[in-house]
Amino acid sequence: MPYPSRLLTGLLATYLALSNVPLHAQQTPIDRKALVERHKVVNTKTDSLASLTVGNGTFAFTTDVTGLQSFPEYYQKGVSLGTQSEWGWHSFPNTNHYTVEESQREYLLNGRKIPYTVQVKAPERAKDAQDFLRANPHRLQLGNLGFVLLKKDGSKATIKDLRNIRQVLNPWTGEITSHFTLEGSPVDVITVGHQAEDLVAVQVKSPLLKQQRLKIALRFPFPTAQWDDTGVNYTQNDQHTSKIERQKGHTAVVSHKLDADQYFVGLLWNDDAAKLAPGRPHEFVLTPSKAQDTFEVSCRFTAANKTDTVPPFAAARTNSQTRWAGFWTSGGAVDFSGTTDPRAAELERRIVLSQYLIRAQTTGHFPPQETGLTYNSWFGKPHLEMHWWHDMHYGLWGRTDLLEESLEWYLRPEIQAGAKAIAKRQGFEGMRWQKMTDNQGKEAPSSVGAFLIWQQPHPIYMAELVYRAHKNPAVLKKYQEMVFATAEFMASYPFYEKDKDRYILGKGVIPAQERFKAEETFNPTYELVYWHWALNVAQQWRERAGLSRNAKWDEIIKKLSTLPQANGVYLAAESAPDSYTNPEYKTDHPSVFGALGMMPATGQQDAATMRRTFDLIWKDWSWDKTWGWDFPMTAMTATRLGMPDKAVDALLMKVHTNVYLPNGHNFQDDRLRIYLPGNGGLLAAIALMCAGYDGSTEATPGIPKDWKVKWEGLQKMP
């Protein structure tokens with residue numbers, strides 16, 4: 001979440017950006033409130049994929065149709081009812097003293113042995129070690145806050161007992177309003193998330209309150225340590241502890257302790273006669289008095305036992321309204337309302353709701369996990385190659401202050417120490433950025449992730465966007481050592497083939513298209529371009545700092561292998577001449593598009609060859625075996641090749657991994673019901689399609705000529 005000073009910085013950046021926007025985009029300012037509010041989310045039935053979220057970027061709370069988390073089991077296989085924060089992590093005790101070295105294996109690559117941290121299958125202890133290290137630490141589901149609804153006969157209501165459902169999320173205010181009836185009695189709920197506290201606040205109005213048939217319960221699940229955690233594990237009650245630390249008047253503090261980890265929940269309500277008492281194991285039930293038919297409660301999660309006052313509902317609501325309006329009136333905006341193509345309204349909906357979801361879930365001080373702060377994927381651990389897709393768009397949407405929130409993670413001493421240790425262990429220089437990591441920056445064992453390299457230039461790319469936004473010497477000073485150390489690894493990683501007088505990437509690399517064996521693969525096309533571009537940018541940073549160019553970096557740039565091609569098209573990698581004949585190689589990410597899409601023209605690419613490559617992949621790819629960010633990447637390439645119709649077609653391609661649910665989430669499959677890199681990628685592609693890229697002169701180069709679009713506050717992509 002932005003601090004007030006950063007919000008002002010964002011507003012100033014927007015003003016300065018607008019002063020440089022082409023006249024066609026300035027003529028009629030966009031009515032931003034109308035733009036956002038025409039994409040309110042409305043639920044009129046129960047749907048496990050339609051849950052809604054309030055959050056501030058570092059804390060998020062996802063609700064069911066009641067406005068709280070009353071029926072988490074119903075949603076566990078859909079968009080589950082998560083309560084997660086960036087600080088909420090847990091580790092089971094390492095009683096067997098596993099070490100990361102036990103999951104490391106040496107690979108003979110280019111004549112020398114290099115250790116990688118992988119998923120080993122034998123011996124048994126090594127396998128147990130890698131299993132433990134992948135699962136620990138894991139992100140916590142902090143708790144379920146939901147209604148206890150009682151029927152007239154005293155039995156608990158189920159979700160099937162609810163009638164007349166109408167629930168609305170207004171992204172402009174960050175508010176969820178929920179209405180339903182139980183046996184004819186109405187219940188009306190307003191749910192908000194505080195933007196400066198890890199707090200959810202709710203107001204409920206219902207005659208059920210005076211009948212004491214509506215209560216509020218806080219329940220703590222136990223972590224599963226599985227690949228995902230949907231927050232409904234209510235077993236193993238004896239392995240954690242929870243209790244009411246104190247209760248006085250209309251306030252209480254509850255603690256939850258798991259092994260060495262503990263956190264607290266502060267509660268504030270508006271009925272002095274209401275009481276909090278234990279219910280089921282690890283459950284605490286707040287029962288309002290019979291005095292009124294309106295009840296308000298705020299629930300704040302903290303890592304420390306705070307004694308200051310919990311903000312009441314009214315304050316939290318005002319805070320949410322003010323801060324969300326500040327977000328929507330800063331940065332960029334895109335309006336397709338003048339377009340008659342029926343697809344335009346759907347694309348605009350995706351753009352608005354993607355901004356809301358990413359701002360609410362993944363704008364913290366750590367690279368985010370792929371399922372945000374809703375439920376765990378990969379044990380809640382972030383994947384650094386996805387950081388570009390999550391957050392890079394902020395640099396194009398005039399919100400670099402939000403980009404910097406997570407970019408600063410790369411400056412932390414403990415994070416850099418881990419990256420330096422990986423590079424040193426493998427015989428390289430500088431810092432090799434982790435792929436699958438955790439809140440402490442440790443490397444998790446991964447037989448794929450250990451060999452990925454396309455996350456390496458990301459910090460340079462994002463730092464460059466920050467510099468372009470401000471052109472401030474302070475930005476150079478802040479990030480230059482990180483940029484230089486990143487480049488040092490990039491310059492030491494390529495292998496020099498003396499007989500060909502060239503440098504190659506690999507062997508020992510898995511491209512962004514994760515279909516190739518590390519030991520055999522070299523010179524993936526996209527990575528070659530990214531390496532060349534990032535080293536050039538690092539040299540520019542040296543020159544901006546008054547330093548001479550690094551001779552070694554220039555040698556790599558000059559002698560880096562040319563892009564591999566055959567039959568007039570670019571290959572996925574030089575080691576894969578069967579890139580388009582092997583069926584397996586026509587699945588997963590068509591990452592060759594990244595070479596001229598995510599990346600600008602660097603002098604390495606030939607536009608005609610890329611156009612032929614585009615046409616081949618468009619017609620003959622297994623699009624049903626792709627991921628959510630593949631469609632924005634395709635749109636980026638189409639834009640740079642001058643094919644705006646194909647760019648829009650790509651963004652709206654009818655493939656199950658390109659589905660955007662009514663709540664705005666990008667659906668993938670039964671395992672990944674939400675996938676925020678798809679949302680972030682969409683926003684990056686739209687910025688490119690509207691504002692263009694360095695050297696482009698055409699207005700809205702990625703928008704079809706018969707569409708009418710208004711945009712403001714967007715920046716050109718490199």
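**Figure 1. Surroundings of Trp-541 in the predicted model.** Leaving aside residues up to four places away in sequence, Trp-541 touches Ala-463, Glu-464, Tyr-467, Val-475, Leu-476, Tyr-479, Gln-480, Val-483 and Phe-484. The largest nonpolar core has 206 residues, and Trp-541 is one of the three that touch the most other members, together with Val-334 and Ile-686. Nonpolar side chains in soluble globular proteins tend to be buried together.

**Figure 2. The second nonpolar core.** The 206 residues of the largest core include Val-334, Trp-541 and Ile-686, which touch the most other members. Separate from it is a second core of 8 residues, among them Val-192, Leu-268, Val-310 and Ala-316.

**Figure 3. Packing of helix H9 on helix H11.** A pair of packed helices is described by the angle between the axes and the distance between them. Helix H9 (residues 400-407) packs against helix H11 (residues 458-470) at about 145°, and the axes are 10 Å apart. The crossing of H9 and H11 is left-handed. On the H9 side the contact is made by Thr-400, Leu-403, Glu-404 and Leu-407. H11 contributes Pro-459, Met-462, Ala-463, Leu-465, Val-466, Ala-469 and His-470. Of these H11 residues, Ala-463 also appears among the residues touched by Trp-541.

**Figure 4. The open sheet S2-S3-S4.** Three strands form this open sheet in the order S2-S3-S4, with antiparallel pairing. Strand S2 (52-55) and strand S4 (83-85) are the edge strands, each pairing on one side only. On average, neighbouring strands of the sheet are turned by 20° against each other, direction ignored. S2 is joined to strand S3 (residues 59-63) by 4 bridges, and the two run antiparallel. Within this pair, Val-54 has Phe-61 in S3 as its bridge partner. Helix H7 lies across S2 and S3 and runs at about 50° to S2.

**Figure 5. Leu-357 in helix H7.** Which residues does Leu-357 touch, not counting those up to four places away in sequence? The contacts are with Thr-362, Asn-663, Gly-664, His-665, Leu-676 and Asn-679. Leu-357 is buried, its relative accessible area being 3%. The C-alpha atoms of Leu-357 and Thr-53 are 7.7 Å apart in space, although the two residues are 304 residues apart in sequence.

**Figure 6. A salt bridge within helix H7.** Arg-349 and Glu-346 form a salt bridge in which the closest N and O atoms are 2.9 Å apart. Both residues belong to helix H7 (residues 343-361) and, being 3 residues apart, are separated by about one helical turn. Arg-349 is buried, with a relative accessible area of 16%. Glu-346, at 25% relative accessibility, is partly exposed.

**Figure 7. The salt bridge between Arg-38 and Asp-335.** Side chains of opposite charge can pair when their charged atoms come close. In the model the count comes to 33 salt bridges. The side chains of Arg-38 and Asp-335 meet in a salt bridge with an N to O distance of 3.0 Å. Arg-38 lies in the loop between helix H3 (32-37) and strand S1 (41-43), and Asp-335 lies in strand S21 (residues 333-335), so the pair ties together parts that are 297 residues apart in sequence. Arg-38 is partly exposed, at 38% relative accessible area, whereas Asp-335 is buried, at 7%.

**Figure 8. The salt-bridge network around Arg-300 and Glu-197.** Arg-300 and Glu-197 meet through their side chains in a salt bridge of 3.5 Å, N to O. Arg-300 is in strand S20 (residues 294-302) and Glu-197 is in the loop between strand S12 (185-193) and strand S13 (199-205), so their pairing ties together parts that are 103 residues apart in sequence. Both Arg-300 and Glu-197 are buried. Together with Lys-306 and Asp-308, they are linked in a network of salt bridges.

**Figure 9. Strand S9 and its pairing with strand S14.** The pairing of S9 with strand S14 (residues 214-219) is antiparallel and runs over 6 bridges. Phe-147 stands opposite Ile-216 in S14. Strand S9 (residues 144-149) is largely enclosed by the rest of the structure, because 6 of its 6 residues are buried.

Technical notes: Residues numbered from 1 in each chain as written. Predicted model: local features only at pLDDT ≥ 70, side-chain atom pairs only at ≥ 80, totals over all residues. Heavy atoms only, no water. Salt bridge = Lys/Arg side-chain N within 4 Å of Asp/Glu carboxyl O. Buried < 20%, exposed > 50% of the residue type's maximum accessible area, 1.4 Å probe, protein only. Contact = heavy atoms within 4.5 Å. Core = buried A, V, L, I, M, F, W, Y, C linked by side-chain atoms within 4.5 Å. Pairing = 2+ DSSP bridges. Axes fitted to C-alpha atoms, helices over the stretch in contact; angles between N-to-C directions. Left-handed = near helix turned anticlockwise from the far one by under 90°.
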